[in-house]
Amino acid sequence: MTSTIDSHHVTDGAADAGRRPAPVPERRKTVQLVEFTAMQGVRYSVTLGYLKATATADPALDAACDFRISVREQSGGEQATKELLDTWDEPFAVALTVFFWNRAQSLELARQVKERWPDCRVVVGGNDVSYQQEPLFAEAPWLDVLVHGEGELRFRDLLHAFLTDGDLAAIPGISHWRDGTVVTNPDADRITDLDQVVSPILTPVYSDEEITGSSMIVYETNRGCPYGCAFCYWGGATNSKVRQFDLERIFAELDRLIRLMPQDATLFIADANFGILGRDRQIAEHIVELSRRHGKRLIVSTNWAKNGNERIVEIASMLHAAELTGAITLSAQSFDANVLKIANRANIRTDHYRRLLARFRELDVPTYTDLIWGLPGETFDSYLDGIEEVLTAGGSPVIYPLLLLNNTDYSREAFKDEQGLRTRWMPADITNPELIADVVVEHGSMTAEEWVRGMEFRVSMTLFQKILLRCALRVLHTTTGVRMVELCRQLWSFLLDDCADPFLRAVARDVAAVYRDPSSLDMGLLRTVIGDQVVVPEEVHYQALLCRAVRSERATADLLGAAVDHLSTWLADSGFEVDRVLVDSALSLDIAATTILRASLRGNLAEASFAVPRRGWELLVEAGDVPSSLDAGGQGDVVRGTVWAPPRWVDYPISVYALSIWHGTGRPLYDLLFALPDGLPDGLPDGLPAAA
């Protein structure tokens, strides 16, 4: 039998017998939903999932449209964009979610869509473009519609209008072209009943394979933020009451997600303040129970509530005990009262921070403290004061440059003029050119040169205080009273000028040069030093310095010995007496701790020994630098022991581990296995296997 197919009818030999050809339903119109992500291995977009689930819940849209989700990594540039478009037939509509990190790529994709298919409707939304209609349409006149704020219901209404050639003037919360002019409709109300936002997990939006194939799942249990921080789009622009998704829905969604997620994937709870609600403990308990039931080892990450409470300690301790979380975020941003007042953050109390940090240290639960360098009102001295506050309390500072985000108080022209803000369009991470942002590099309290010094300090502090000389620095600080930040500054001078390794000196100097002129980045130098070790292209200067420093036991001992000599000479010249016996014993523990880094770098296991006078050991345990569970409990004057890395570290990329240390999760002295002469009365540190 032969047949002929066209776009409207099917005919075969039966037509000759007088039968009328059967009509073929009109093909559904293709709607492409696109997000470019900066995260590797992510195939799931909660934003696009909401758009598709809410639209397909409408029977008319489900019948008329074929929704296709594309989550693409940003790498690949123009060629990747062309390859994506080459896989498409002519779409009826394209929707893109836009953040500062994917803005350029998203708008370029939109331009090429319009160039290929002029009749296709192009819609954008997201926190980088909401309420930015004038600059956005001037930059990208090929766009058709901008959706402000929450987009699920607006996008559904837009599709109905597109299908019927309806009047866009009737749809609130959008900007669009009309007769050559950009028209902005009245604002839409926030979605108070979140049941209107259909679940992309409990509907067939994502297949099992797509969830299993994603290294991260972004997940919401509520929306809104009661705070109004001036640098943050989330609270500063919305300042809204927290609205909650139904708890039974959350339990059902988590059941499917945790059952399907791959081992070691990240479940990021994208609430603004997880732990702020009483029910958040129930959610955490459910995650622990589901992970146990499905045999999953996951990383649960979130934005913890700004004003801490005992509930946060309970939830975080529960997740940590179940080996489901790394470090717990304690958001400070600054410890200067004037800076916090300018940031409209004075109502977030720093005394809570100190209390919570002490509680987490008692429990050996890792934490990190977010700080932002460049906040209006912050001086270089107050910046160092805040870091010292964290370090002396046993915390782990993680310092970010201030990005000027759209729709925040900081981005308003009057505020910028008042504070003398000057920005530079540059990579937010200087070694990742795809993460371009508007970075604050100067204001009335901070010169451009001070900003560079502050960015250099981040590298020195992380390299030496968090990893290479953590114990020696603690002893020097405690016995001399010299601030930890001053010791770290001296170590950066050592690295720039006095270090014997020319590669370490060159990389350190490139850090200083590139923050003054981002185009001077010497990636050739970094590749020479670090080779093929970079798995994650983030903070590559720091990764290169670390890999070079730990490349061999001898190189590490020589470098750290010279660094301690440098500090001791500087302290002696400044009138301080240095107890070299105590410092050198702490140094033996620091050198031993680098064993875990070499296991990842070189792919083999080794052990190392240390010997620390008991008073030094007790000092380090009290400060949280050594796990409290390793309290030897003996009577001798010296604590001796051996450390080695768990076997899985042989296959663990040093790039990933180095960045986990940068972000406060990795802690070499906690992640190693210990053997003390008298055994471990309290067992191995939490989370470590029972034997190597």
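This tour moves through two sheets and one charged patch, naming what to select at each stop.

The model is predicted, so local features need pLDDT of at least 70 and side-chain atom pairs count only at pLDDT 80 or more, while totals for chains, interfaces and linings use all residues. Residues are numbered from 1 along each chain as its sequence is written, and side-chain values use heavy atoms, with hydrogens and water left out.

Begin by selecting 328–333 and 397–401, which are strand 15 and strand 17, the edge strands of an open sheet, each pairing on one side only. Strands here are DSSP runs of E with at least two residues, and helices are runs of H or I with at least four, both numbered from the N terminus. The sheet has three strands in the order 15-16-17, with parallel pairing, where two strands pair if DSSP finds at least two bridges between them. Add residues 367–373, strand 16, which five bridges join to strand 17; within this pairing, I372 has Y400 as its bridge partner.

Next, select 607–613 and 673–675, strand 20 and strand 22, which are the edge strands of another open sheet. Its three strands follow the order 20-21-22, and the pairing is antiparallel. Residues 638–644 make up strand 21, which pairs with strand 20 over seven bridges, and F610 stands opposite G641 in strand 21. On the other pairing, three bridges join strand 21 to strand 22, with L673 in strand 22 as the bridge partner of W644.

Finally, select D193, D195, D246 and E248, which gather in a surface patch of negative charge. Such a patch is made of residues with over 30% relative accessible area and no salt bridge, with like charges joined within 9 Å; areas come from the Shrake-Rupley method with a 1.4 Å probe, and a salt bridge is a side-chain nitrogen of Lys or Arg within 4 Å of a carboxyl oxygen of Asp or Glu. To place D195, look in the loop between strand 9 (181–184) and helix 7 (208–212).

Definitions and conventions. Patch = residues over 30% accessible without salt bridge, like charges linked within 9 Å, V, L, I, M, F, W, Y side chains within 5 Å. Lys, Arg positive; Asp, Glu negative; His and termini not counted. Charge placed at Lys NZ, Arg CZ, Asp CG, Glu CD.
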